[in-house]
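Grab a pencil and work through these short exercises with the structure open beside you. Try each task before you read its solution.

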Amino acid sequence: MSYSHNTMGSGSRTARRTFDFGRTHVVRPKGKHQATIVWLHGLGDNGSSWSQLLESLPLPNIKWICATAPTRPVALLGGFPYTAWFDVSELSENGPDDWEGLDASAAHIANLLSTEPCDVKVGIGGFSMGAAMALYSATAFALGRYGNGNPYNINLRAIVGLSGWLPGSRCLRNKIEVSHEAARRAASLPIMLGHGTCDDVVPYKHGEISAHSLNVAGFRNLTFKNYEGIGHYTIPKEMNEVCNWLTARLGLEG
């Protein structure tokens, strides 16, 4: 599936970027279908690798949709093409954000959730850049719109972000504070963040800063867990805590 976004170039010319998303892998629930979660991989990965792990989790009531990002040049990696949800040039609160790429991926994820039954709770989770994408979707849900102003219509019920960061953290608080409805939605959305203290790819401080930025912006229903001595990967303890958290927050049957 591809998405086209217009951006203004020099003068009055309009440049069009098209994002072609990769294959989506679906893990069907083994029990009663109560929730659907789109799970997002990290930079250079794909949906297939995560589908195998998610299928092994003791969460029989969740349908997992494991999307695959478009292949695009990534500035952080010398402009070489990788599967990436958006372009990134540096991991910094002051670095530029690829709003066009973020919006295109958020719209693709929302589209994957848009056809789920109305009695099924929906959420988004991810690892590394996938976690960043999940958190960006959380901010779009709270604001009721994407960065480009288009309405965001998915009623998210849970967000999981492992070893990631929050894009657009600098201006988030100001955007949410001016709207009572945005503040209400932010406060209502359960978010779980996990980060290894020895992460050398997305340093632990980015997890801490993201949790703080979300909290001060009004995302009060937030759990942040650190994992001592763990690098840029998940461990069974972390995934067990994700399972327990999702079961409690989504009211899943055992």
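One thing before you start: this is a predicted model.

**Exercise 1. How do the axes of α3 and helix α5 lie, and which residues meet?**

Solution. Start by finding helix α5, which covers residues 180-188. Next, look at the two axes: those of α3 and α5 come within 7 Å and cross at roughly 135°. Now put a word to that angle. Anything under 35 degrees would be roughly parallel, over 145 roughly antiparallel, and 65 to 115 roughly perpendicular, with the rest called oblique. So α3 and α5 are oblique to each other. Last, zoom in on the residues: F141, A142 and L143 on the α3 side meet E181, A182, R185 and A186 on the α5 side.

**Exercise 2. Do the same for α2 and α3: at what angle do they pack?**

Solution. Helix α2 spans residues 99-113 and helix α3 spans residues 129-143. Their axes are 10 Å apart, and the packing angle is about 80°. That makes the two helices, α2 and α3, roughly perpendicular. To see the contact itself, pick out W99, L102, D103, S105, A106 and I109 in α2, then M133, Y136 and S137 in α3.

**Exercise 3. Which salt bridge partner does R185 have, and is R185 buried or exposed?**

Solution. Go back to α5. R185 forms a salt bridge with E181, and the closest N and O atoms are 3.2 Å apart. The two are four residues apart in helix α5, so about one helical turn separates them. Now check accessibility, where under 20% means buried and over 50% means exposed. R185 has 16% relative accessibility, so R185 counts as buried. E181, with 35%, counts as partly exposed. Finally, widen the view: E181, R184 and R185 are linked in a network of salt bridges.

**Exercise 4. How many salt bridges does the structure hold, and where do K63 and E116 sit?**

Solution. The count is seven. In one of them, the side chains of K63 and E116 meet, at 3.0 Å from N to O. Trace each partner along the chain: K63 is in strand β5 (residues 62-67), while E116 is in the loop between α2 and β8 (121-127). That puts them 53 residues apart, so this pair links distant parts of the chain. Now for accessibility: K63 has 12% and counts as buried, and E116 has 12% and counts as buried too.

For another case, try E177 and R173, whose side chains meet in a salt bridge at 2.8 Å, N to O. Both belong to helix α4 (residues 169-177), where being four residues apart separates them by about one helical turn. R173 counts as partly exposed, at 43% relative accessibility.

**Exercise 5. Where does V120 lie, and which residues is V120 in contact with?**

Solution. V120 lies in the loop between α2 and β8. Its relative accessible area is 9%, so V120 is buried. Set aside the neighbours within four places in sequence, and V120 is in contact with H33, Q34, A35 and T36. Take Q34 from that list: V120 and Q34 are 86 residues apart in sequence, yet 5.0 Å apart in space, C-alpha to C-alpha.

**Exercise 6. Which residues make the nonpolar surface patch of about 360 Å²?**

Solution. Look for L76, L77, F80 and Y82, which make this patch. Then follow Y82: this residue is found in strand β7 (residues 80-83), and at 34% relative accessibility Y82 counts as partly exposed.

Conventions. Residues numbered from 1 in each chain as written. Predicted model: local features only at pLDDT ≥ 70, side-chain atom pairs only at ≥ 80, totals over all residues. Heavy atoms only, no water. Patch = residues over 30% accessible without salt bridge, like charges linked within 9 Å, V, L, I, M, F, W, Y side chains within 5 Å. Areas by Shrake-Rupley, 256 points an atom, 1.4 Å probe, with all protein chains shown as cover. Salt bridge = Lys/Arg side-chain N within 4 Å of Asp/Glu carboxyl O. Buried < 20%, exposed > 50% of the residue type's maximum accessible area, 1.4 Å probe, protein only. Axes fitted to C-alpha atoms, helices over the stretch in contact; angles between N-to-C directions. Contact = heavy atoms within 4.5 Å.
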